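User: Could you take a close look at one helix in this model for me? I'd like to know how it sits in the fold, and how it lines up with a few other spots in the chain.

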Amino acid sequence: MAEQRVVIVGFGNVGRGLVKTLLFKSSKLAKHGVNIVVVGVVDSKGMVYKPEGLRPVELLKMLETPRSGLRSLEVAKQYVDLKELYEKTKPDIHVELTPANYETGEPGLSNIRFALNEGAHVATANKSPLVFDFKGLTELARSRGLVLKYTATVMGASSFLSLLDHMKLQDVYSVRGILNTTSNIVLSLAHEKLVEVERAVEEAIVLGIAERDPSIDIDGYDAAAKLTIISNVIGKPVDFKSIERVSLRGLSLREVVMAIKEGKAWKQVSSIDYRSQKARVALEKVEPGDLLYHVRGAMNGVVIETDTGSYFFMGKGGGGVETAHTVANDILAIALREV
Ligand SMILES: NC(=O)c1ccc[n+]([C@@H]2O[C@H](COP(=O)([O-])OP(=O)(O)OC[C@H]3O[C@@H](n4cnc5c(N)ncnc54)[C@H](OP(=O)(O)O)[C@@H]3O)[C@@H](O)[C@H]2O)c1
């Protein structure tokens with residue numbers, strides 16, 4: 001059985017989902033000849049590590065701690081120091097699950113560079129490091145003979161990016177999709193409950209669907225980041241900053257009602273047209289004949305137009321445990337290279 005030593009940096013929704021997935025799916029991993037040993041877990045205030053591997057009972061104890069709560073455990077360090085973590089645990093795989101930051105890409109950008117420079121493979125669900133330096137990070141990984149996996153960064157709960165990556169010989173003309181789950185849920189709420197978008201956003205915050213500061217989703221940064229990653233995977237990179245963004249906030253109740261009367265629905269549609277070189281995250285009134293009309297609530301969907309025809313992908317956009325499964329599949333893919 002090949003042993004892979006893993007450190008998990010970021011212990012929020014996805015980090016906790018990943019620990020559960022690795023615990024509950026260990027027999028499936030074993031069937032593939034892989035034993036994943038978690039040697040360190042980090043949140044923003046502290047870290048727990050054990051060179052011989054954290055036992056299931058210790059990982060379950062961590063899951064009982066509140067957010068930022070690792071430091072409450074007796075064995076925890078009350079600070080974060082990746083250098084120390086690496087010196088003590090010598091990980092094979094670094095899992096980066098810190099929050100996205102579209103101003104600097106940090107802390108994910110430095111963490112991933114550090115991991116690759118230390119000789120660890122990387123699996124990340126954090127988009128912002130790739131938005132800031134896709135080329136640099138992928139080249140760094142390649143030059144060191146390491147793998148950088150990021151399948152969960154787009155349509156987090158599905159393997160969409162792996163399928164797209166497989167389509168290397170197609171010439172892609174355009175990409176058009178619903179890529180941000182929170183916006184899609186907010187717009188679905190506005191249509192169903194006949195309320196202003198601002199009210200729907202407030203409701204989504206109360207329901208725990210939207211963040212307290214929902215601007216990353218509502219103002220289109222998250223969707224633009226996903227377009228940037230998709231375009232890099234296709235091999236025709238677009239610059240994040242060049243992508244036009246329109247916020248959902250301006251949509252009035254009158255416009256929502258008009259759309260319903262016309263049998264249409266408002267959607268946050270992200271698109272790149274390689275023929276006109278236009279990339280944007282916009283509000284579009286779509287009709288039932290449009291595949292994206294049927295992508296509702298927590299679902300994401302993308303239409304890829306190529307020289308061999310159009311392809312439609314649809315799947316759940318995220319969720320802690322669902323996204324964690326995608327990350328765990330990336331970890332397994334890395335581990336299988338070593339078996
Ligand atoms: N949730 C989803 O469905 C989903 C889907 C696809 C992709 N993603 C991406 O996956 C990443 C994680 O998402 P999430 O929902 O798990 O986020 P989250 O719940 O906000 O968790 C983020 C974690 O990162 C920790 N953290 C923050 N700064 C840190 C630092 N400097 N060093 C170490 N740890 C730090 C936080 O610590 P504290 O606990 O101390 O705050 C927290 O444990 C994000 O980049 C997100 O965009 C999420």
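**A close look at helix α11**

Analyst: Let's start with the whole fold: for 339 residues, a compact globule would have a radius of gyration near 20 Å, and the protein comes out at 21 Å, which agrees. Keep in mind that this is a predicted model. The C-alpha atoms fill a box of roughly 65 × 45 × 35 Å along the principal axes, and the chain is built from 13 helices and 12 strands. Of the 339 residues, 55% count as buried. Among contacts with a separation of 6 or more, 72% join residues that are 24 or more positions apart. On the outside, the protein exposes about 15,500 Å², with carbon and sulfur atoms supplying 51% of that. As for charge, there are 43 positive and 41 negative ones, and their mean positions are 3 Å apart.

Now to α11 itself. Does its length match what its residue count calls for, and why? With 14 residues at 1.5 Å each, α11 should span 20 Å, and its end C-alpha atoms are indeed 20 Å apart, so the two agree. α11 is mostly covered, with 12 of its 14 residues buried. The buried set runs from Asp222 through a stretch of alanines, Ala223, Ala224 and Ala225, and also takes in Lys226, Leu227, Thr228, Ile229, Ile230, Ser231, Asn232 and Val233. Just after the helix, Gly235 takes a positive phi of about 95°.

Ser231 is a handy residue to zoom in on, and its place is in α11, which covers residues 221-234. Ser231 has a relative accessible area of 0%, so it counts as buried, the cut-off being under 20%. What does Ser231 touch, not counting residues up to four places away in sequence? The list is Lys236, Pro237, Val238, Ile272 and Tyr274.

For a second helix to hold next to it, try α1, residues 13-24. The 12 residues of α1 should span 16 Å at 1.5 Å a residue, and the end C-alpha atoms are 16 Å apart, which agrees. α1 is mostly covered too, with nine of its 12 residues buried. Among those buried residues are Val14, Gly15, Arg16, Leu18 and Leu22.

A third helix, α13, spans residues 320-338 and holds Thr326. Thr326 is buried at a relative accessible area of 5%. Leaving aside its neighbours within four places in sequence, Thr326 is in contact with Thr151, Ala152, Gly156, Ala157 and Ser158.

The loops are worth a look as well. Asp43 sits in the loop between β2 (34-42) and β3 (47-49), and it is buried, with a relative accessible area of 9%. Beyond residues up to four places away in sequence, Asp43 touches Phe11, Ser68, Gly69, Leu70 and Val80. Asp43 and Ala324 are 281 residues apart in sequence, while their C-alpha atoms are 16 Å apart in space.

His32 lies in the loop between α2 (26-31) and β2. At 44% relative accessibility, His32 counts as partly exposed. His32 and Leu332 are 300 residues apart in sequence, yet 8.5 Å apart in space, C-alpha to C-alpha.

Terms used
Residues numbered from 1 in each chain as written. Predicted model: local features only at pLDDT ≥ 70, side-chain atom pairs only at ≥ 80, totals over all residues. Heavy atoms only, no water. Helix = DSSP H or I, 4+ residues; strand = E, 2+ residues; numbered from the N terminus. Expected span 1.5 Å × (residues − 1). Buried < 20%, exposed > 50% of the residue type's maximum accessible area, 1.4 Å probe, protein only. Contact = heavy atoms within 4.5 Å. Rg over C-alpha atoms; globule rule 2.2 N^0.38 Å. Areas by Shrake-Rupley, 256 points an atom, 1.4 Å probe, with all protein chains shown as cover. Lys, Arg positive; Asp, Glu negative; His and termini not counted. Charge placed at Lys NZ, Arg CZ, Asp CG, Glu CD.
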